[in-house]
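Thanks, everyone. I have one structure to go through today, and I will keep to the ligand site, the pocket and a few backbone details. Here it is on the screen.

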Amino acid sequence: MDKPFLDKLRKIDPYVPGEQPQAADIIKLNANENPYPPAPGVQEVLRTFDASSLALYPDANGKRLKAALAERFDVRPPQVFLGNGSDDVLALAFQSFFCSDKPILYPDITYSFYPVWCDLFSIPYETVPLDENFCVNIRGYDKPNGGVVLPNPNAPTGCGLSLDALEDLLQHNADCVVIIDEAYVDFGAQSAVPLLDKYENLLVVQTMSKSRSLAGMRIGYALGSETLIATLEAVKNSYNSYTMDALALAAGEASVRDEDYFQQTCRRVIATRERSADALRALGFTVLPSLTNFLFVTHPRKQAADIFAFLRQEKIFIRYFKLPRIDNYLRITVGTDEQMDRLIAALKKFL
Ligand code: PMP
């Protein structure tokens, strides 16, 4: 039967997130989630939340969470934008700021959602090769462009730029919006937030999914000049005024208010990362220096795809990207010490 409507459907290659296997006995190191629970105050919010309040719409402006974030980062509340995970914030930022005929620039090996948004929103783009150490080469961004976006530290390679390098990048890209995606910044990298006062074209995007153990709650935010944030708000309010639900707003606020727990959890993940990196090196792996909650590794004598398949059989899930330049690398999320010990034991068995 002829079905002409099929020709009118949008055809697109979507982003593919890490698997979420449901079995209880697996070790899940494939989506850069935090192995520890969110701050105790979040649990308290969930326990005491009044379900009858859900009859009302949430605060479309997320005033209380914005106030908590503004205080935490020493900015003004109109410099804070909230979204349903940082993917939501980034997607809106692409639509809000990348409206030029010139291509936007981002690294050749990076967060694989960027090309998907470019495709979805018809944004021209060019990729800039990472250097031989898989780090961002800021000189590659010294050319006419319609905007710049990059993760710092980069994902999935884990390498971070210094504050000086970030400032250099901004000085050479004053005529466009520069988005720094700081999904992993809390695990030891330098944030671009201190540059917000000086650069009105800088947008810093962060998430509560990694360092605040709230991936399931979907909370992301952006910090920027009032001009950039007002533009994001206008685009969001032309699409969906209520991207943040009432529970997420309350849970996010409780998380931000517990700085001690946050710092302590980050330190634990960092300690396990360093210990695991040493153990992997002892097994012959090359481990890239990481400022994130994951390790990017390769083995000189074994195929990454084979290691990935073996670990999967052992019910240990990690991430393998069959992509140019990195198809012999594996990305391993830092779990608890016990989970990492089991990973190392399984790798010993394989080798
Ligand atoms: N940026 C980068 C670099 C990421 O790896 C991720 C996680 N997939 C995100 C943004 C989005 O995270 P979330 O939507 O959970 O905030």
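Let me start with the backbone: where is the place of Phe 134? Phe 134 is in the loop between β4, residues 125–128, and β5. Keep in mind that this is a predicted model. I bring up Phe 134 for its phi, which is positive at about 65 degrees although the residue is not a glycine.

Past β5 there are two prolines to mark. The peptide bond from Asn 152 to Pro 153 is cis, and its omega is near -5 degrees. Pro 153 lies in the loop that runs between β5, residues 147–151, and α5, residues 163–171. The second cis peptide bond on my list goes from Ala 155 to Pro 156, with omega near 5 degrees. Pro 156 also has its place in the loop between β5 and α5.

Now the ligand. There are 14 residues around the ligand, and those that come nearest are Ser 86, Tyr 184, Thr 207, Ser 209 and Arg 218. Sorted by class, that shell has 6 nonpolar, 4 polar and 4 charged residues. Which helix gives the most to the shell? Helix α3, residues 86–97, does, with 3 residues.

For anyone setting up restraints or scoring, here are the polar distances. On the nitrogen side, a polar side-chain atom of Asp 181 lies 2.7 Å from a nitrogen atom of the ligand. On the oxygen side, an N or O atom in the side chain of Thr 207 is 2.6 Å from an oxygen atom of the ligand. Ser 209 also places a polar side-chain atom 2.6 Å from a ligand oxygen atom. How much of the ligand's accessible area does the protein cover? On its own the ligand has 400 Å² of accessible area, and the protein covers 91% of that.

That brings me to the pocket. The ligand sits in the largest pocket, whose volume is about 600 Å³. This pocket is lined by 32 residues, and the closest to its centre are Tyr 15, Ala 31, Tyr 111, Tyr 184 and Lys 210. Tyr 184 is on this list and was also named among the residues nearest the ligand. By class, the lining has 14 nonpolar, 11 polar and 7 charged residues. As with the ligand shell, α3 gives the most to the lining, with 3 residues.

That is what I have; I will take questions now.

Technical notes: Residues numbered from 1 in each chain as written. Predicted model: local features only at pLDDT ≥ 70, side-chain atom pairs only at ≥ 80, totals over all residues. Heavy atoms only, no water. Near = heavy atom within 4 Å. Polar contact = N/O pair within 3.5 Å; in protein donor to acceptor, adjacent residues only side chain to side chain. Areas by Shrake-Rupley, 256 points an atom, 1.4 Å probe, with all protein chains shown as cover. 1 Å grid on protein atoms, 1.4 Å probe; cavity = no way out; pocket = protein on both sides within 12 Å on 5 of 7 lines; lining within 4 Å. Sits in = over half its atoms within 2 Å of the grid points. Helix = DSSP H or I, 4+ residues; strand = E, 2+ residues; numbered from the N terminus. Nonpolar A, V, L, I, M, F, W, Y, C, P; charged D, E, K, R; others polar. Points joined across faces, edges and corners; volume = space filled by probe spheres on them.
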